[in-house]
Amino acid sequence: QAIRAEEHQRLIRIVASLHISPCSHRSPSTMAASSSSKAKAEPPVPPVMKRSMLAPHGPQLRPQYEQEEEWQEFCERTDASKLHDFGRYWWTYGRDEDDDGFLREAVFLEVPLRKDIEAKQIRANLTTKHLQITVHGESVIDEDFEDPKWLNVSESYWEIEVKEVKQVRRKVLRYVLYILMESPKYITQWLFLSEKTEDDGRFVDQNEEEEDNIDDRLRMIAKMKEPEPHRDADIWFSETEEEEERWCDGCGSTRIVVMKKHTDSKYMKYCNDCPFVSPAKETSLPTGLMKQKDIDEKRARKARLKARKEEAKKRMQAEKERVAGEPDRTEEVPEDFNKSEKTRMYTDEEFNDVLTKALRRGEIKWEDY
C-alpha cells in the first residue's frame, strides 16, 4: 500500500508539471471547441454601466407620425454630442474611461489657456456647489453649479492637453467632472447657474421645465407608439368603416345602405330612418392606403424643409467665417510641442539618482498644495 501511495503521488506530480487535468480524456476537437468558447465568453456587465444603458437610442426608435416632432425635440434636448459654447469656456456631456477600465458618465469642461501656461500655475477649487479656476493669479472660472446634487468631487480631475480649437492648436484645460452613480440626473441643459440668465438678469426659461433624469426618459420612451407597418398598394385595410362616413348626413343614423341605382350617376347613401339621400364618399384608393399616402407626402415635405434649413445654416456659418477672417494665432502651440519628451525606463536606483540631481540643480521644487 505504501508503494501504491508513492506511485500515485509521483503520477500526480508528473501531471501537475505537464499542466494537464488528471480527468481530462477529451479529444483535441472537443478541447479546441471548449477553448474557443472560453475565448468568446464575455465578462458580465459591471454595475458602473447600468446607468449608462438607460440613455435613449435616438434614430433607432421611430414613433408614429403624430409623435415624430415630440420625439425629435426630445432627442435634440438629450443629445450628448451637443457642444455648449460660452466663449471663455465650453462643455459637453459624455463618457470617460476611469482607472479601472469602466466607462463613467461625466461632463467635460474645457477652458482655453495661453501657450506659456504650465500646470504649476493653475489652482482649482472644486466643491459640489462651486468651481473656481485660477490661472497665474487670474480668475478664469468662478461659477456656481446649477444643481449641487450630481457631482462626484473626489474622483473628478483636470489636465492640460493640446487640441485644435477653431482651426488653431491651443492649450486647453480639460476638467472631467464625474457624475455620482446614485444620481438620476443627466447634465444636458445647464452646467452653471449663470447660463440660465441673460445679461439683463432675466431668466432664459420663463416656464419651469422638468429636469432631465432617468424617470422622465423612461416615461418618454414608453409613451411612444410604434407606427403601423407600411403596406403596399395591393393590400387593403380591413377596419375602414369609420373613415368611410357610414352615417346619414341628414339625421345621423347609421342604418344606411350604400348603393348605385340605375338612375344614379354615382354611389349614394340611402337612409332607412329618413328619406335623405346624399352622395357616398369615393376614393381611388382604400381609406387606409389614402391615409398612408398622405403621411408619406407630409414626411417628404418635412424632409425638404429640414434640408433647406440645414443648407441655410451652412451658408450662414460660411458667411460668419468669411466675415471673421483668419483666426487669431497668437496663442497657437507649434506642432512639435513636447515632441522631444520621451518615456524613459529607470530602475529604482537610477530614478533616485536622477531625482536627487534634479533637486540639487533646482529643476524640481516642492510646493505645498
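These notebook entries record what I looked up in a predicted model.

**Entry 1: the sheet**

I began with the strand order. An open sheet of five strands runs β1-β2-β3-β8-β7, and its pairing is antiparallel. I noted β1 (84–85) and β7 (157–165) as the edge strands, each of which pairs on one side only. I then looked at the pairing of β3 (residues 103–113) with β8 (residues 168–178), which is antiparallel and extends over eight bridges. Within β8, K171 is the residue that stands opposite L113.

**Entry 2: the nonpolar cores**

Which residues have the most contacts inside the largest nonpolar core? I found L131, F145, W150 and L191 in that role, in a core of 26 residues. The elements that contribute two or more residues to this core are β2 (90–97), β3, β4 (122–126), β5 (130–135) and β8. Strand β3 supplies the largest share, four residues.

I listed the surroundings of L131, setting aside neighbours within four places in sequence. L131 is in contact with L109, N125, L126, I141, D142, E143, F145, Y175 and F192. I also recorded a second, separate core of five residues, which includes W71, F74, C75 and M220.

**Entry 3: helix α3**

I asked which residues of α3 are buried. They are E68, W71, F74 and C75. These residues cover an arc of only 125 degrees around the axis and therefore lie on the same side of α3. On the face turned away from this buried side I found the exposed residues E69 and E73.

E68 and E69 came up again when I turned to charged groups: together with R299 and K302 they are linked in a network of salt bridges.

**Entry 4: P63**

I located P63 in the loop between α2 (28–40) and α3 (68–77). Is P63 buried or exposed? With a relative accessible area of 3%, P63 is buried, because the limit for burial is under 20%. Not counting residues up to four places away in sequence, P63 touches E68, W71, M224, K225, P227 and R299. I also checked P63 against I221, 158 residues apart along the chain; their C-alpha atoms are separated by 9.5 Å.

**Entry 5: salt bridges**

Side chains of opposite charge can pair when their charged atoms come close. I counted 19 salt bridges in the model, and examined several individually.

The side chains of E110 and K163 meet at 3.0 Å, N to O. This pair links distant parts of the chain, with E110 in strand β3 and K163 in strand β7, 53 residues apart. I noted that E110 counts as buried at 7% relative accessibility, whereas K163 counts as partly exposed at 28%.

The side chains of E118 and K120 form a salt bridge at 4.0 Å, N to O. Here E118 is partly exposed with a relative accessible area of 41%, and K120 is partly exposed with 49%.

For K185 and D147, the closest N and O atoms of the salt bridge are 3.1 Å apart. K185 lies in the loop between β8 and α4 (214–223), and D147 in the loop between β6 (138–144) and β7, so the pair ties together parts 38 residues apart in sequence. I recorded K185 as buried at 9% relative accessibility and D147 as buried at 7%.

**Entry 6: aromatic pairs**

A pair of aromatic rings is described by the distance of the centres and the angle of the planes. I counted seven aromatic pairs. F86 and Y89 form a stacked pair, 5.4 Å centre to centre, with 25 degrees between the planes. Of these two residues, F86 is partly exposed, with a relative accessible area of 36%, while Y89 is buried, with 2%.

The rings of Y93 and Y186 have centres 6.2 Å apart and planes at 75 degrees, so I entered this pair as edge-to-face. Y93 lies in strand β2 and Y186 in the loop between β8 and α4, so the pair ties together parts that are 93 residues apart in sequence. Y93 is buried at a relative accessible area of 9%, and Y186 is buried at 2%.

Finally, I noted a cluster in which ring pairs link F86, Y89, F145, W150 and F192. F145 and W150 had already appeared in my entry on the largest nonpolar core, among the residues with the most contacts inside it. F192 had appeared there as a contact of L131.

How values were computed: Residues are numbered from 1 along each chain as its sequence is written. This is a predicted model: local features need pLDDT of at least 70, side-chain atom pairs count only at pLDDT 80 or more; totals for chains, interfaces and linings use all residues. Side-chain values use heavy atoms; hydrogens and water are left out. Buried means under 20% relative accessible area, exposed over 50%, partly exposed in between (1.4 Å probe, protein chains only). Contact means heavy atoms within 4.5 Å. Two strands pair if DSSP finds at least two bridges between them. A nonpolar core is a set of buried Ala, Val, Leu, Ile, Met, Phe, Trp, Tyr and Cys residues joined through side-chain atoms within 4.5 Å. The arc is that of the directions from the helix axis to the C-beta atoms. Rings of Phe, Tyr and Trp (its six-membered ring) pair if their centres lie within 6.5 Å; planes under 30 degrees apart count as stacked, over 60 as edge-to-face and the rest as tilted.
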